[in-house]
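Colleague: Could you take me through one part of this model in some detail, and then show how it sits beside the other charged and nonpolar features? I would like a careful, connected account rather than a list.

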Amino acid sequence: AEAGGPRDTAPGQQLRALFYALAPGESSFRTVEEVPDYVEKSIPFFITFIGLEFAVSWIQKRKLPGRINDGISSLSLGILSRLPDVLFRSIELISYIYVWNNYRLFELPWDSPWTWYLTLLGVDFAYYCFHRMSHEVNILWAAHQVHHSSEDYNLFTALRQSILQKYTSWMFNLPMALFIPPSVFAVHLQFNLLYQFWIHTEVITKLGPLEWILNTPSHHRVHHGRNPYCIDKNYGGTLIIWDRIFGTFEAEDAKVVYGLTHPVNSFDPIMLQLRPLVHIWNTFWATPGFCNKLSVIFKGPGWGPGKPRLGLPEEIPVITGKEVPFNPHVPAYLNCYALVHFAVIVDLYIELLASLTMLSQGTVLVRIGFIILSLASFGLLTENKSKAGILEIIRCLVFIGAYELGYFRSHFSFLGYVYEV
């Protein structure tokens, strides 16, 4: 890399970054500008591990770990969550750098292993605090519940992220900006996120003594469960020690049933992002009394007038083990159609990231708008909604026009003719 620019990472280093397995000397940088985009560079590994999970699940259980409709929905939500970063610098870094530049008390050395390990603990503890608050404060839960809305549990679910969550999580990291350099923070912010990818799977059972210290697939399966024993447990990101210290740990026991206590029954990524906010808005105006209205926003999602802050445990729906995931019947050809066209959108998204600095703002906005339109259309298609066909025809006409005008370009040049066909 040029001086002052992001450094390239070798494939082996990038793979180890997924497991938080890089040494301080390999991942310490003087400036934020030198920090690699580990998340973007991990996309090929995400795809590889998803394919490996499918293969292992088929060998172990003779069934796939998820469904096409739910998988497309999870990936759509993941793409949506990353689109603001195409236009704006991360609010987490902007706010952190501002506090560092104006209010830091002292400066720890950026190249010290002690600073690296302290930041690991700091970022993970901040994540635990934010994650716990996201389950206990209704307005934060409105954003975070997107990640819990899948009734499958697989590596696709790890990519199921909220577009709004980052606009509430940033404040939990600010105390570290008083003494930890932004370049060190920027590394661990990514590592903490990447580590949580591989724990979203059922093909890994228990990991022995590691279960005492690390967050593992077993621990995180509990966190994603809607069984009464799973609710509000195991908030850790990389480490499980915070849950053990603060009494929110629960070991995996009865078979976990995944998803929200009141399933949303939709694959539409736009609706999944916005409906929780609409629900809070409607509840706010329907609840009498000013203090009660504030409680709708700042108390738990299960709260109601006369109830404790987090609601009543007995109101959590009973799990029978016979729950059937939302899975509307869709003809096989329509699933194939949605899958092929979704692959085209993934290609366009990757190409957008790769060529961002060479594109005009107008072209970037056109591509982002088309990606959002496409993801909404796929959500309706996989639900077999009556209006899906009309929206899909409009989407295809927009694609043809934009492609002919040069607004789109494939990441793989040989696919250009195929896309036109």
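Modeller: Leaving aside its neighbours within four places in sequence, Asp268 is in contact with Ala376, Gly379, Leu380 and Glu383, and this residue is a good place to begin in what is, throughout, a predicted model. Asp268 is found in the loop between helix H12 (241-246) and H13, and its side chain reaches the backbone nitrogen of Ile270 at 3.1 Å. Although Asp268 is buried, it has no salt bridge, and the nearest side chain of opposite charge, that of Lys385, is 6.6 Å away. A salt bridge here requires the nitrogen and the carboxyl oxygen to lie within 4 Å, so Asp268 and Lys385, 6.6 Å apart, are not counted as such a pair.

Lys385 does have a partner, however, for its side chain meets that of Glu383 in a salt bridge, with 3.0 Å from N to O. Glu383 is one of the residues in contact with Asp268, and it is buried because its relative accessible area is 8%, whereas Lys385 counts as partly exposed at 43%. Between these two in the numbering comes Asn384, which is found in the loop between helix H16 (361-382) and H17. Asn384 is partly exposed, with a relative accessible area of 40%, and its phi is near 60°, a positive value in a residue other than glycine. As background, most residues other than glycine have a negative phi. Asp232, in the loop between helix H11 (217-223) and H12, also has a positive phi, of about 60°, without being a glycine, and it is partly exposed at 25% relative accessible area.

Turning to the other charged pairs, the count comes to 15 salt bridges. One of them joins Asp85 to Lys166, with the closest N and O atoms 3.0 Å apart; this pair links distant parts of the chain, since Asp85 belongs to helix H4 (residues 68-87) and Lys166 to helix H9 (residues 166-169), 81 residues apart. Asp85 is partly exposed, with a relative accessible area of 27%, while Lys166 is buried, with 14%. Arg309 and Glu136 also meet through their side chains in a salt bridge, at 3.4 Å from N to O. Arg309 lies in the loop between H14 and helix H15 (332-354) and Glu136 in helix H6 (residues 113-136), so this pair ties together parts that are 173 residues apart in sequence. Of these partners, Arg309 is partly exposed at 41% relative accessible area, and Glu136 counts as buried at 8%. Elsewhere, Arg67, Asp70, Asp152 and Arg160 are linked in a network of salt bridges.

The helix that follows the loop of Asp268 also has a part in a nonpolar feature: helix H13 (269-286) and helix H14 (290-298) each supply at least two residues of a nonpolar patch. That surface patch, of about 560 Å², is made by Ile139, Leu274, Leu277, Phe290, Leu294 and Phe298, and its largest share, 3 residues, comes from H14. Phe290 is found in helix H14 and counts as exposed because its relative accessibility is 62%.

Notes: Residues numbered from 1 in each chain as written. Predicted model: local features only at pLDDT ≥ 70, side-chain atom pairs only at ≥ 80, totals over all residues. Heavy atoms only, no water. Patch = residues over 30% accessible without salt bridge, like charges linked within 9 Å, V, L, I, M, F, W, Y side chains within 5 Å. Areas by Shrake-Rupley, 256 points an atom, 1.4 Å probe, with all protein chains shown as cover. Helix = DSSP H or I, 4+ residues; strand = E, 2+ residues; numbered from the N terminus. Buried < 20%, exposed > 50% of the residue type's maximum accessible area, 1.4 Å probe, protein only. Lys, Arg positive; Asp, Glu negative; His and termini not counted. Polar contact = N/O pair within 3.5 Å; in protein donor to acceptor, adjacent residues only side chain to side chain. Contact = heavy atoms within 4.5 Å.
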